[in-house]
Amino acid sequence: KLTSTKHNTIRITTCNINGFPRTQKDTKNLIIKEFIQRNDIHVLCIQEVNRFWKNIHPSNSIQERTKGWFEAFHNSNGYYKEYPNATGGYQAGGTAVWSVNKMAHRVMSKGHDHLGRWTWTTYRGKGDIVLRVISRYRPVLSTRNPQSVYNQQRFHFLSKNNPVCPRELFCSELITHLVEWIERGEQIVLGTDINEDVNTSA
């Protein structure tokens, strides 16, 4: 358990949850809720949402699952909505940014990459400062499983005649966006599952 935050501070946390459960009745939902409340988290960057929300019944949506959990709540999420091989409610990958209580009131905008590789939320701070919090998931190099995140993205890029490795494109394409946002004067926080040792030179 982390200590409580001071009145004039916010706590931003990142977590790979290895998938939301299929329904809101699953006890894993409460584990996520308790994690946020116990650690006084205001913004949670989530990786591996693992849900194809288009095929999820509205009663099991994020808004329904979290109803009554917090004083205020805002959800931004991204996944590969146009993936033609998704079946049922499961889809590997996806990202989300949850804004809780006082940070939910400061939300300006939200958005996501069309493949669900990253999702962001922007917040208005003092003196018109803009904070952009980004949740990112870089796929594991997994070519054997046809439904893996890597192969989903590889399928998309090959359909566009782009043979470059999705892991490489993840980095190069996001950097382009980061440069744009930083040049606007925004403050950036990245919550990432990079699936690589960040201490290496690779």
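These legends walk through several close-up views of a predicted model.

**View 1. Here we look at the open sheet of β5, β6, β7 and β8.**
The sheet has 4 strands in the order β5-β6-β7-β8, and its pairing is mixed. At the edges sit β5 (107-112) and β8 (187-193), each of which pairs on one side only. Going from one strand to the next, the twist averages 15 degrees. Look for α4 as well: this helix packs on the sheet and touches β6 (118-124), β7 and β8. The direction of α4 makes about 175 degrees with that of β7.

**View 2. This close-up is on the pairing of β7 with β8.**
These two strands run parallel, and 7 bridges join them. To find your place, pick out R136, which stands opposite T192 in β8.

**View 3. Next comes the hairpin of β5 and β6.**
Here the strands run antiparallel, with 5 bridges holding the pair β5 and β6 together. A handy landmark is H112, which stands opposite T119 in β6. Between the two strands of the hairpin there are 5 residues. While you are there, find G116, which has a positive phi near 75 degrees.

**View 4. Now we zoom in on T119, a residue of strand β6.**
Is T119 buried or exposed? T119 has a relative accessible area of 0%, so it counts as buried. Its side chain reaches the backbone nitrogen of G78 at 3.1 Å. Setting aside neighbours within four places in sequence, T119 has a long list of contacts, among them S76, N77 and G78. The list also includes T95, A96 and V97, along with G111 and H112. V133, I134 and S135 are in contact with T119 too.

**View 5. Helix α4 gets a view of its own, with its buried and exposed residues picked out.**
How far apart are the end C-alpha atoms of α4? They are 26 Å apart, which agrees with the 26 Å that its 18 residues should span at 1.5 Å a residue. The buried residues of α4 are P166, R167, L169, F170, L174, L178 and W181. Around the axis they cover an arc of only 160 degrees, so they sit on the same side of α4. They pack against β6, β7, α3 and β8. Turn to the face of α4 that points away from its buried side and you meet the exposed residues E168, T176 and E183. After the helix comes G185, with a positive phi near 95 degrees.

**View 6. This one shows helix α3, residues 149-159.**
The buried residues of this helix are V149, Y150, N151, Q152, Q153, H156 and F157. Among the elements that cover them are β7 (130-137) and α4 (166-183). Following α3 is N161, and its phi is positive, near 60 degrees.

**View 7. Over to helix α1, residues 28-38, and its buried residues.**
The ones to look for in α1 are N29, I32 and I36, which are buried. Why do the buried residues of α1 line one face of the helix? Seen down the axis of α1, they fall within an arc of 65 degrees, so one face is where they end up. The cover over these buried residues includes β2, α2 and β4. Just after α1, you can spot D40, which takes a positive phi of about 55 degrees.

**View 8. V100 takes the centre of this close-up, in strand β4 (residues 95-100).**
V100 has 4% relative accessibility, so it counts as buried. Which residues is V100 in contact with, leaving aside its neighbours within four places in sequence? They are I36, I41, H42, F70, A72 and F73. To get a sense of scale, take V100 and L178, which are 78 residues apart along the chain. Their C-alpha atoms are separated by 24 Å.

**View 9. The last stop is K54, which is found in a loop.**
That loop runs between β2 (43-47) and α2 (62-65). The side chain of K54 reaches the backbone oxygen of K81 at 3.1 Å. Not counting neighbours within four places in sequence, K54 is in contact with Y79, K81 and E82. Between the C-alpha atoms of K54 and T5, the separation is 36 Å. Along the chain, K54 and T5 are 49 residues apart.

Definitions and conventions
Residues are numbered from 1 along each chain as its sequence is written. This is a predicted model: local features need pLDDT of at least 70, side-chain atom pairs count only at pLDDT 80 or more; totals for chains, interfaces and linings use all residues. Side-chain values use heavy atoms; hydrogens and water are left out. Contact means heavy atoms within 4.5 Å. A polar contact is a pair of N or O atoms within 3.5 Å; within protein, one must be able to donate a hydrogen and the other to accept it, and residues adjacent in sequence count only if both atoms are side-chain atoms. Buried means under 20% relative accessible area, exposed over 50%, partly exposed in between (1.4 Å probe, protein chains only). The arc is that of the directions from the helix axis to the C-beta atoms. Two strands pair if DSSP finds at least two bridges between them. Axes are lines fitted to C-alpha atoms, for helices over the stretch in contact, and angles run from 0 to 180 degrees between N-to-C directions. The expected span of a helix is 1.5 Å times one less than its number of residues.
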